[in-house]
Amino acid sequence: MADPLLRISHLTKKFGDVTVVDDLSLEIMPGECLGVIGPNGAGKTTTIRVCLGLTGADGGTVEAFGLPLPAEVRKAKERIGVVTQFDSLDPDFTCAENLRVYGAYFGLSRATIDERVPKLLDFAALQSKAGAKPGELSGGMKRRLSLGRALVNDPDLLLLDEPTTGLDPQARHLMWERLQNLLQQGKAILLTTHFMDEAERLCDRLIVLDHGRKIAEGTPRKLIAEHLESDVVEVYGDGAAAAGQAHATFADRVETSGETVFFYLREPKRLLDALATDHDIRYLHRPANLEDLFLKLTGRQIRDDA
């Protein structure tokens with residue numbers, strides 16, 4: 001059986017009196033995508049920074065490819081590709097030059113870089129922008145270039161911190177296809193994201209973090225089955241509040257957010273029959289999903305970045 005490419009054991013990180021990462025353990029195997037989801041300030045980015053040796057830990061251990069980090073971080077980085085939340089492209093270089101210079105940081109030969117640059121531009125769907133500088137690109141194009149650049153060293157492990165933020169739906173679907181191809185090649189991905197459809201599409205397993213602590217772990221479908229009712233009925237607009245009060249007994253759980261009332265239930269027929277008789281009510285019936293899981297486990301309140 002293969003060894004994990006990344007192993008984090010009982011990781012703890014504090015900033016002052018605030019514990020940002022609290023006794024976190026995880027492993028990622030070759031060909032696996034592990035998603036980490038949680039509100040802003042849950043510790044997702046800090047965990048990645050510790051893995052890269054950019055932030056020191058207060059407790060626990062991190063290993064990549066069997067190498068202890070941060071002691072062997074330089075050697076480990078030779079096999080790691082990184083996309084941070086914010087693009088760090090060089091504004092003075094063209095797209096192709098950004099890739100070439102980044103490849104040189106890894107000591108790649110000129111011939112190897114020349115071979116990889118066209119493929120990476122194709123990966124990012126930026127073949128026609130090879131000679132353009134980042135300032136001439138849209139935000140989505142810059143994000144795609146950052147994704148392509150992360151592959152210049154042909155890494156075995158990718159650390160992707162909200163990699164598709166700013167991409168339009170077409171580009172997101174393209175990147176999902178590209179990332180799935182990388183997984184099929186045996187590469188491993190640690191992915192943080194706020195897009196629940198992305199997490200469900202790409203991730204073999206998910207970890208839910210809140211206040212730095214792991215509060216749930218499993219496959220997307222397993223987590224939904226363990227923590228949620230099977231069906232959701234959303235009632236919205238005028239009359240939603242009254243419907244929430246009148247029909248609350250039909251549901252296992254009822255939550256209100258703004259002008260929408262959410263009925264969580266396993267047997268939706270009685271509620272749907274009742275709503276069908278009120279033609280002024282607008283409602284949507286759907287299966288429970290990862291967004292429902294996220295909101296149940298971490299709450300609906302807005303979080304500031306930490």
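Reader: Is glutamate 115 buried, partly exposed or exposed?
Author: In this predicted model, glutamate 115 has a relative accessible area of 49%. Exposed residues are those over 50% and buried ones those under 20%, so a value in between gets the middle label. Glutamate 115 is therefore partly exposed.

Reader: Which residue forms a salt bridge with glutamate 115?
Author: Happy to point to the partner. The closest N and O atoms of the pair are 3.4 Å apart, and the cut-off for a salt bridge is 4 Å. The partner of glutamate 115 is lysine 119.

Reader: How are glutamate 115 and lysine 119 separated in helix 4?
Author: Helix 4 covers residues 110-123, and the two residues are four apart within that helix. Lysine 119 is exposed at 51% relative accessible area. Because they are four residues apart in the helix, the separation of glutamate 115 and lysine 119 is about one helical turn.

Reader: What is the N to O distance in the salt bridge of arginine 205 and glutamate 217?
Author: Here the side chains meet at 2.6 Å, N to O. The pair links distant parts of the chain, with arginine 205 in strand 9 (residues 205-210) and glutamate 217 in strand 10 (residues 213-218), 12 residues apart. So, with a cut-off of 4 Å for a salt bridge, the pair qualifies at 2.6 Å.

Reader: Which residues are linked with Arg205 and Glu217 in a network of salt bridges?
Author: Arginine 205 is buried at 19% relative accessible area, while glutamate 217 is partly exposed at 33%. Both belong to a network of salt bridges. The residues linked with them there are Glu32 and Lys214.

Reader: Is arginine 253 buried or exposed?
Author: Arginine 253 forms a salt bridge with glutamate 255, and their closest N and O atoms are 2.9 Å apart. Glutamate 255 is partly exposed, at 22%. For arginine 253 the relative accessibility is 18%, and the limit for the lower class is under 20%, so arginine 253 counts as buried.

Reader: How many salt bridges does the count come to?
Author: The pairs above, among them arginine 253 with glutamate 255, are part of a longer tally. Each needs a side-chain nitrogen of Lys or Arg within 4 Å of a carboxyl oxygen of Asp or Glu. By this rule the count is 21.

Reader: Where does aspartate 238 of the negative surface patch lie?
Author: Aspartate 238 shares the negative patch with Glu259, Asp278 and Asp280. Its relative accessible area is 72%, which makes aspartate 238 exposed. Its place is the loop between strand 11 (231-236) and helix 9 (240-246).

How values were computed. Residues are numbered from 1 along each chain as its sequence is written. This is a predicted model: local features need pLDDT of at least 70, side-chain atom pairs count only at pLDDT 80 or more; totals for chains, interfaces and linings use all residues. Side-chain values use heavy atoms; hydrogens and water are left out. Buried means under 20% relative accessible area, exposed over 50%, partly exposed in between (1.4 Å probe, protein chains only). Patches are made of residues with over 30% relative accessible area and no salt bridge: like charges are joined within 9 Å, nonpolar side chains (Val, Leu, Ile, Met, Phe, Trp, Tyr) within 5 Å. Accessible areas come from the Shrake-Rupley method with a 1.4 Å probe; for residues, only the protein chains shown count as cover. Lys and Arg count as positive and Asp and Glu as negative; His and the chain ends are not counted. The place of a charge is taken as NZ of Lys, CZ of Arg, CG of Asp or CD of Glu.
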